Amino acid sequence: MSLHTRTPLIDRLPDFPWDSLAEAKAKAAAHPGGIVNLSVGTPVDPVAPGIQIALSRAAAFPGYPQTVGTPELREAICASLGRRYNMTALDSGSVLPVVGTKEAIALLPTLLGIGEGLSVVIPEVAYPTYEVAVEAAGARVLRSDSLLKLGPEIPALMFINSPSNPTGKVLGVEHLRKVVGWARENGVILAADECYLGLGWDDANAPVSILDPRVCGDDHTGLLAIHSLSKTSNMASYRAGYLAGDPALIAELTGVRKHFGLMVPYPIQAAMVAALEDDEQEAGQKLIYAHRRVKLMKALLGAGFRIDDSEAGLYLWVTRGQACRDTVDWFAERGILVAPGDFYGPRGVDHVRVALTETDERIDAAVARLG
């Protein structure tokens, strides 16, 4: 008999959501015209040639890369965040490249030492990795979109997500300012997942970063913004993301990540520089998604669905007032796979998430089937 007992980490985590879609996926795949997979946010368009060339040119580098990133990459991150998203007061000590933002989010509570006896707030309808991150660290999950609902309990960390995955909801400047103020008053680290910040569709409700001076002034204390090149530059396969914000938190995370050997590969860092310096490739990809979005919106509305929020991002948050799994089955019968809202928490049970990330030919096929 073993003298040691343990609880495998996997036993603390929820089931992997997409595993529950196997039956619906098989049904959709059986459609005579083939499956249209709108259940995931995986880019399908090619990476821009300039990014590919930068990757290739750096491929001969033989040594270990630095966890903190090259000076060129840190400079490019700061410059692009200022130019694209109006983030000021950033320097090389306030940014950090990461091996994809899913990894960064999943490890964030652990790397910050937030574990047993502490709590973390996540949105009521949320990207599943927030919950996984908290459970993996041994902390307690609090689902809330309202500071008032938290009561007397003060969490150690709060995740917010604007634009939201899955809903596409955008939090305005006033809302973000209140959240930042509350976090600072209570000593709570505020981590904002802003991976869809560059994909706003409503000029009257444009997405804003927590590091925008209209939200936080020039003080980034306690704030972390999480960014990715997976969506805006089709670099999901590169695992290219970065954090920005409070230099003290960035330094803390850098030190722990050094111990863990968490380094973005050198050729990927070079490709990131190329992507961050080329605004045209990002703008061109956004136009492609805008075209697909209009087609899908028109078809979904014509099929009797209501589209809620969806002000930004790569998804449409859709309902006909029925259980989300029934809606998933309705789509699957037409050869279309979508994500059920219950993936994202109890408040998502009557919605489905419809992604814009399929080729033009497959989007046209979905439109025809919905019609």
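Helices, which are H or I runs of at least four residues, and strands, which are E runs of at least two, are taken from DSSP and numbered from the N terminus. These names are used throughout the following account of a predicted model.

The description may begin with a sheet of seven strands. This sheet is open, its strands follow the order β2-β8-β7-β6-β5-β3-β4, and the pairing is mixed. At the edges stand β2 (95–98) and β4 (140–143); each has a single partner strand, so one side of each is left without a neighbour in the sheet. From one strand to the next, the twist averages 20°. Towards the β4 edge, strand β3 (residues 119–122) pairs with β4 in the parallel sense over four bridges. Within this pair, V141 in β4 is the bridge partner of V120.

Strand β6 (residues 189–193) is placed between β7 and β5 in the order of the sheet. On one side, strand β5 (residues 157–161) and β6 are parallel and share five bridges, and I160 stands opposite A192 in β6. The connection between these two strands passes through helix α6 (residues 173–186), and this β-α-β crossover is right-handed. On the other side, β6 and strand β7 (residues 223–228) run parallel and are joined by four bridges. Here D193 stands opposite I226 in β7.

How is β6 placed with respect to the rest of the structure? A residue counts as buried when its relative accessible area is under 20%. Five of the five residues of β6 are buried, and the strand is therefore largely enclosed by the rest of the structure. In a regular strand, side chains alternate between the two faces of the sheet. In β6, I189, A191 and D193 point one way, while L190 and A192 point the other way, and all are buried.

Two helices that pack on this sheet can now be added. Helix α4 (residues 101–111) touches β2, β5, β6, β7 and β8 (241–245), and its direction makes about 150° with that of β7. Buried residues in α4 are T101, E103, A104, I105, L108, P109 and L111. Just after this helix, G113 takes a positive phi of about 75°. The other helix is α6, which lies across β5, β6 and β7 and runs at about 170° to β5.

The loops of this part of the chain contain several notable backbone features. The loop between β5 and α6 holds P163, and the peptide bond that joins S162 to P163 is cis, with omega of about -5°. P166 is found in the loop between β5 and α6 as well; the bond from N165 to P166 is cis, with omega near 25°. In the loop between β7 and β8 lies N234. The phi of N234 is near 60°, a positive value in a residue other than glycine. N234 counts as buried because its relative accessibility is 7%.

Away from the strands, a pair of helices may be considered. Two packed helices are described by the angle between their axes and the distance between the axes. For helix α3 (residues 71–85) and helix α9 (residues 266–277), the angle is about 25° and the axes are 9 Å apart. Angles under 35 degrees count as roughly parallel, and α3 and α9 are therefore roughly parallel to each other. Their crossing is left-handed. The residues that meet in this contact include L73, A76 and I77 in α3 and M272, V273 and L276 in α9.

A further sheet completes the picture. Four strands form this open sheet in the order β9-β10-β13-β12, and the pairing is antiparallel. At its edges are β9 (306–308) and β12 (339–340), each with a single partner strand, so one side of each is left without a neighbour in the sheet. Strand β10 (residues 315–319) runs antiparallel to β9 and is joined to it by three bridges. I307 has V318 in β10 as its bridge partner. Helix α10 (residues 279–302) packs on this sheet, touching β9, β10 and β13 (352–355), and its direction makes about 5° with that of β10.

The loop between β9 and β10 contains D309, whose phi is near 50°, a positive value in a residue other than glycine. D309 has a relative accessible area of 35% and is therefore partly exposed, whereas N234, with its positive phi, is buried.

Notes
Residues numbered from 1 in each chain as written. Predicted model: local features only at pLDDT ≥ 70, side-chain atom pairs only at ≥ 80, totals over all residues. Heavy atoms only, no water. Buried < 20%, exposed > 50% of the residue type's maximum accessible area, 1.4 Å probe, protein only. Pairing = 2+ DSSP bridges. Right-handed = clockwise from strand over helix to strand, strands pointing away. Contact = heavy atoms within 4.5 Å. Axes fitted to C-alpha atoms, helices over the stretch in contact; angles between N-to-C directions. Parallel < 35°, antiparallel > 145°, perpendicular 65-115°, else oblique. Left-handed = near helix turned anticlockwise from the far one by under 90°.
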